[in-house]
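Visitor: Please walk me slowly through one part of this protein, as I am new to reading structures. I would like a close look at its interior.

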Amino acid sequence: MSHLDALEAESIFVMREVVAEFERPALLFSGGKDSIVMLRLAEKAFAPARIPFPVMHVDTGHNFPEVLAYRDRRVAQLGLNLVVASVQEAIDSGTVREPADGTRNRIQTPVLLAAQEKYRFDALFGGARRDEEKARAKERVFSFRDDFGQWDPKNQRPELWSLYNGRHQPGESIRVFPLSNWTELDIWRYIERERIELPSIYYAHDRDVVVRDGMLYAVNEYLRAREGEEIVTKRVRYRTVGDASLTAAVESDADTVQKVIAEVAATRLTERGATRGDDRVSEASMEDRKREGYF
């Protein structure tokens, strides 16, 4: 059994365990590479039957158009039930308030929790990996959340061998991370092996960008050049996909899966550390958000 075979088998086991233990699971699907791989694993876990749970996208309204197009196309191909939790609708109804800087990543959390309560999801599959960020590395495969959706890193359940404790009371839930033991390199090697299609922005292309805080941000309707910033055209690709107002690209000529694998194998900086402006607020920014109920 190869390394990828072992990771695949573990993830499929986790997914089947969740479907056996929980009444209303759902898969968080953003159109990013990790959620795309997770969806492929779900296909394999339950084939030849259809995937037995819906997918949910917490839509901030600041998405890259290539990613939304991919999301809708993939959902249609698989005949899935897509639940969209809209941040824009929450802003319009007064449920949340948009920050002064116009970014929306922080206000995803109450929208996610409201959708989870509305549809009574008791388990949510997330595509987080332990190599992404320090707070991710603290979390278990089965991550217990209280009836407020909050995570307590000091009060986690032990996971011995392949034993997962999904016990919860009404209102409580579990976040499940089948990709916990995968790395970014594993994800790309699996994409190559399975010949998985990705949104085009994951591969090198020419794009107008500005340099801000040492990162290359694409100029778009959600992010404009500030006074003194110069718009330049560079050949870039995205290592991770988040809000277009917060996610930066990296200079790259990697326009094939094989070239991306070679590039990722040589890097020493995680994709979030290299490209996510929302993680640079403080050393504990991700952990703070996860305590509040973030992915």
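Which residues have the most contacts inside the largest nonpolar core?

Guide: Happy to help! You are looking at a predicted model, in which local features need pLDDT of at least 70 and side-chain atom pairs count only at pLDDT 80 or more, while totals for chains, interfaces and linings use all residues. Residues are numbered from 1 along each chain as its sequence is written, and side-chain values use heavy atoms, leaving out hydrogens and water.

A nonpolar core is a set of buried Ala, Val, Leu, Ile, Met, Phe, Trp, Tyr and Cys residues joined through side-chain atoms within 4.5 Å. Buried means under 20% relative accessible area, exposed over 50%, and partly exposed in between, with a 1.4 Å probe and protein chains only. Here the largest nonpolar core has 58 residues, and those with the most contacts inside it are Met-15, Leu-27, Val-37, Phe-142 and Trp-188. At least two residues of this core come from each of several elements, including helix H1 (3-21), helix H2 (33-46), strand E4 (123-125) and helix H7 (184-194). H2 gives the largest share, 8 residues. Helices (H or I, at least four residues) and strands (E, at least two) are DSSP runs, numbered from the N terminus.

Now zoom in on Leu-27. Setting aside neighbours within four places in sequence, Leu-27 is in contact (heavy atoms within 4.5 Å) with a list of residues that includes Met-15, Met-38, Phe-53 and Phe-125. Apart from this core lies another, of 16 residues, with Val-111, Leu-112, Ala-115 and Phe-121 among them. Across the whole protein, 54% of the 295 residues count as buried.

H1 and H2 are also joined by charged side chains. A salt bridge is a side-chain nitrogen of Lys or Arg within 4 Å of a carboxyl oxygen of Asp or Glu. Glu-8 makes one with Lys-44, the closest N and O atoms being 2.7 Å apart. Because Glu-8 lies in helix H1 and Lys-44 in helix H2, the pair ties together parts that are 36 residues apart in sequence. Glu-8 is buried, with a relative accessible area of 12%, whereas Lys-44 is partly exposed at 27%.

Helix H1 is tied to H7 too. The side chains of Asp-5 and Arg-193 meet in a salt bridge (2.6 Å, N to O). Asp-5 lies in helix H1 and Arg-193 in helix H7, so this pair ties together parts that are 188 residues apart in sequence. Asp-5, Glu-8, Lys-44 and Arg-193 are among the residues linked in a network of salt bridges.
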